[in-house]
Amino acid sequence: MANTFDVVILGGGPAGYVAAIRAAQLGMTVAVVEREKLGGVCVNIGCIPTKALLHSAYIANLLKESKDFGIEVGSVKTDYGVAMKRSRRVSEQNSKGVEFLMKKHKVTVVKGSGVLQPGKKVKVGGDVYEAKKAVVIATGSRVKGIPQIGLEINKTTVISSDEALLMEKIPASLGIVGAGAVGMEFADIFNAFGVKVTLIEALPRILPLEDAEASDAVGKSYRKRGIEVIAGAKVTKATPAKDKVTLDVEAGGEKKSIAVDAVLMAAGRAVNTENIGLAECGIQVTDRGFIKVDKNLQTSAAGYYAIGDVAGPPMLAHKGSREGMFVAEVLAGQKPHAIKYDNVPSVTYCHPEVASIGLSEDQCKERKLDYVAGKFPFSANGRARGTGETEGFVKILRDKKYGEILGAHIVGGHASEIIHELAVARENEYTVEEIELAIHAHPTMSEAVAEAALDSLGRVIHI
Amino acid sequence: MATKVHMEALSPTMEEGRLVKWTKREGEAVKTGDTLAEVETDKAVMELVARADGQLIKVMVAEGTTVPVGNVVAYIGAPGEKVDGDAAPAPAAPKPSAVSPQPPVAPTPASPAPVAALADATRVKASPLAKRIAKDTGVDLARLQGSGPGGRVVKRDLEGAQAAAPAPAQGVPRTADRTPRTGAPYDDVPLTQIRKTIAKRLAASLGPIPHFFLTTEVDMERAAEARDALNKQLGDQGKVSFNDIVIKAVATALTKHRACNAWFQEDHIRYWNEVHIGMAVAVEDGLITPVIRDADRKSLTEIGTEARELAQRARNRRLKPEEYTGASFSVSNLGMFDIDQFTAVINPPEAGIVAVGSIVAKPVAEGGQVVVRRRLRLTMSCDHRVIDGATGAQFLKTLKQMLENPLAMLL
């Protein structure tokens with residue numbers, strides 16, 4: 001039967017399409033059902049276009065300081081519409097790239113909304129696709145609003161990243177609700193394009209999941225650039241009008257009203273589990289709405305697996321991709337290396353960048369771990385001085401007894417790239433000594449990693 | 001079709017055997033398990049047994065011939081059956097048939113072969129973090145099932161394994177550390193860094209095993225009195241020798257000084273929870289050390305009976321491999337040769353041996369008076385990679401106290 005495959009994957013985002021490629025590599029026939037563009041949120045309205053816009057923001061900020069570097073460019077004019085169009089081209093290229101990869105691995109791509117059916121089947125329109133081995137659910141997530149306080153996404157004054165990424169014209173002022181990775185990145189982007197940004201976070205500090213020192217360092221940098229940062233603040237009520245929104249905010253016992261042209265919602269995401277036939281197939285969800293999976297990522301219904309955002313946090317593309325590979329290998333009868341969820345790097349691409357892995361210092365304290373923090377500031381790093389990226393630091397939390405790297409936190413230029421040395425180290429259970437023994441090229445930002453390792457051993461060289 | 005009888009590996013180290021004597025003749029009927037011949041190995045004279053029923057139809061080697069392991073020495077078959085040519089058959093590649101013997105299998109020694117343990121131990125795959133934790137907690141990585149890529153031992157695998165292992169810091173167990181007998185027969189404790197350095201330095205200075213020696217003189221008056229009394233009571237039912245008393249005392253003292261009851265295993269030290277005493281026995285052309293197992297738990301008469309029986313069979317080269325391997329500590333006694341004192345060479349991988357001289361009546365000072373006492377000199381050879389001076393001395397002191405006051409063995 002033409003519509004029978006070894007594996008049918010519902011969702012062509014970074015979890016689904018990677019699962020498809022890996023399954024094809026392992027000799028399975030695969031179909032991917034995708035209702036929009038291949039690559040999912042990540043490629044089309046998430047990771048990739050925001051990185052393009054963040055680079056525009058970076059250039060804008062760089063040019064403002066270029067005189068110091070001996071380059072005069074006159075007055076700097078920014079145009080968000082142009083930057084946005086460039087980011088669309090980047091997304092387009094990436095999505096085309098995924099299409100090409102599907103062809104290369106002979107993966108059948110079915111356009112449409114799929115609904116699960118019992119008997120390892122997925123119905124798309126009038127067609128039914130049957131899986132011999134398994135159906136993999138990779139439907140992802142979307143931005144959610146907070147309708148309870150009047151912040152329902154209306155796509156004009158109350159928007160999500162989806163709209164922000166497609167705007168031709170930007171508002172003069174923007175309130176951003178939520179200072180996690182998404183809120184932080186858009187604050188950075190819009191600030192660089194001249195928008196008056198107010199960043200509101202309910203938890204006591206911005207980037208609440210990162211180490212407190214990282215939050216402080218970025219907060220300082222943001223304030224210096226004119227971004228208003230209000231943490232520990234509760235939006236009690238929002239009143240959207242035709243071309244503005246009034247936000248009633250309570251922070252530190254004080255109440256105030258903030259009027260902005262638009263509000264960007266960046267306070268969490270909802271998983272796409274509605275209307276895909278979960279209940280009909282006996283697939284259970286957790287009390288937080290994620291699909292319940294076992295250690296092989298199989299759901300409560302045999303033959304149905306879930307990966308990516310729908311399978312639980314952290315809701316990150318690279319976590320979903322890893323689960324995609326994992327599931328494909330499980331289906332091929334292999335015993336893949338178990339995924340270490342405490343070893344998923346977390347990166348925010350704002351300026352300065354923030355990257356981390358493992359525990360924060362506060363978590364070490366809460367768990368009463370006997371640790372030593374080794375820290376090295378980029379202000380003492382030769383390469384960073386050369387490029388003018390002296391903000392930030394590398395901090396390594398070392399277990400006192402065995403030297404285990406309990407956590408690592410980087411704030412600074414290229415932090416998103418530098419963190420992987422520590423990801424490799426943690427995955428292989430290298431200790432700070434192994435990090436320190438590896439010779440780091442000079443001058444590089446990465447030297448700060450070796451220095452932080454040395455500092456945790458009481459042997460830092462350059463401070 | 002006739003079944004080939006091969007020269008079997010009758011001891012773990014045997015490569016060839018000398019066919020001493022055929023106990024069955026050509027044409028005699030044999031049953032599975034019957035002794036066909038006596039074979040002298042590197043260690044003992046062993047029995048080669050039939051692995052099939054039938055008639056010993058052809059004997060291929062003459063008595064006194066030395067034959068490599070695996071070669072055909074005879075055929076068992078139906079009466080009158082012909083074997084493949086009467087020329088000497090090719091020794092190589094015996095074709096297994098339904099009734100043919102399996103490739104020679106050595107009798108399994110009671111204790112694990114130390115060589116095998118060594119090979120495994122050096123090939124442990126573990127993460128740097130797991131190695132550090134193991135070193136600190138004394139967990140033997142070689143005994144863990146790694147869950148990392150390619151069976152690599154990672155931190156997770158060590159969780160739970162830690163409690164089972166003894167803390168390495170306690171070099172010398174206190175008296176209260178009387179070894180329990182319920183758990184594992186031994187505990188493997190990886191070498192600490194200092195232990196490794198000691199091992200390396202000392203080995204470089206004095207041969208492969210860095211020996212050192214400790215001598216003490218023991219007053220044997222009370223032991224002699226106890227022995228006389230026991231023998232009087234036993235009458236015809238047995239006899240207790242000084243050697244039996246020394247073995248019992250050594251075994252009992254080892255239970256209180258586990259640090260001396262150990263094997264050096266290159267990257268770890270195996271601390272035995274059981275006490276198996278090797279007893280050096282001179283044989284015609286050398287020396288063999290039959291083992292008195294669980295000597296600490298045996299009575300003097302049990303030790304005596306077993307020691308004499310093992311020594312007799314050792315001299316006749318009739319010991320089985322499991323009877324001369326697996327000692328945790330050894331005793332060598334040259335007292336009967338009027339040797340006052342000597343140093344014995346350690347039998348690796350054991351970490352110590354006690355050399356027993358002869359009991360000599362000599363004048364000693366006691367309470368300001370010169371009196372004549374029966375005295376015995378004991379010299380302990382220690383492997384410095386395992387046993388340090390003080391550790392050995394404390395053991396020897398306990399041993400001396402037990403011999404000087406035999407009732408102390410009951411404590």
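Student: How many residues does each chain bring to the contact between chain A and chain B?

Tutor: Keep in mind that we're looking at a predicted model. In it, the two sides of the contact are counted chain by chain. Chain B supplies ten residues, and chain A supplies nine residues.

Student: Which element gives the most to the side of chain B that touches chain A?

Tutor: Let's start with the classes on that side: six nonpolar, one polar and three charged residues. Now look at where the residues sit along chain B. The element giving the most, with six residues, covers residues 128–137. That's helix H2 of chain B.

Student: What ipTM does the predictor give the complex?

Tutor: The predictor reports two scores for the complex. The pTM is 0.60. The ipTM is 0.72.

Student: Which element of chain B has the lowest mean pLDDT?

Tutor: Chain B averages a pLDDT of 79, and 81% of its residues score at least 70. Strand S18 (residues 352–356) of chain B has the highest mean among the elements, at 95. At the other end, with a mean of 36, is residues 114–121 of chain B, which form helix H1.

Student: Where in chain B does pLDDT stay under 50?

Tutor: One such stretch has 55 contacts beyond four places in sequence in the model, and it covers residues 85–122 of chain B. Another has 28 contacts beyond near neighbours in sequence, and its pLDDT is below 50 too. Where pLDDT is low, the predicted coordinates should not be read in detail. So the two places to look up are residues 85–122 and residues 163–180 of chain B.

Student: What share of the residues in chain A is buried?

Tutor: Chain A has 13 helices and 22 strands, while chain B has eight helices and 20 strands. In chain B, buried residues make up 39% of 411 residues. For chain A, with its 463 residues, the share is 51%.

Student: Why is strand S22 of chain A described as largely enclosed by the rest of the structure?

Tutor: A residue counts as buried when 20 or more other C-beta atoms lie within 10 Å of its own. Go through strand S22 (residues 405–412) of chain A with that in mind, and the tally of buried residues is eight of the eight. The strand is called largely enclosed because its buried residues number eight of eight.

Student: Which strands pair with S22(A) in the antiparallel sense over six bridges?

Tutor: Follow the bridge partners. Glu353(A) has Gly412(A) as its partner in S22(A), and Arg398(A) has Ile405(A). Those lead us to strand S19 (residues 353–358) of chain A and strand S21 (residues 393–399) of chain A.

Student: Which residue takes a positive phi in the hairpin of S21(A) and S22(A)?

Tutor: This hairpin has five residues between the strands. The phi in question is near 75°. The residue is Gly403(A).

Student: Is Gln117(A) buried or partly exposed?

Tutor: Find Gln117(A) in strand S4 (residues 114–117) of chain A. Being buried takes 20 or more C-beta neighbours, and being exposed takes 12 or fewer. Gln117(A) has 16 inside 10 Å, so the verdict is partly exposed.

Student: What separates the C-alpha atoms of Gln117(A) and Gly277(A)?

Tutor: Along the chain, these two are 160 residues apart. Even so, Gly277(A) is among the residues Gln117(A) touches, including Val122(A), Lys123(A), Val128(A) and Glu280(A). Their C-alpha atoms are separated by 6.5 Å.

How values were computed
Residues numbered from 1 in each chain as written. Chains lettered and ligands numbered in written order. Predicted model: local features only at pLDDT ≥ 70, side-chain atom pairs only at ≥ 80, totals over all residues. pLDDT = per-residue confidence, 0-100. Helix = DSSP H or I, 4+ residues; strand = E, 2+ residues; numbered from the N terminus. Contact = placed C-beta atoms within 7 Å. Nonpolar A, V, L, I, M, F, W, Y, C, P; charged D, E, K, R; others polar. Pairing = 2+ DSSP bridges.
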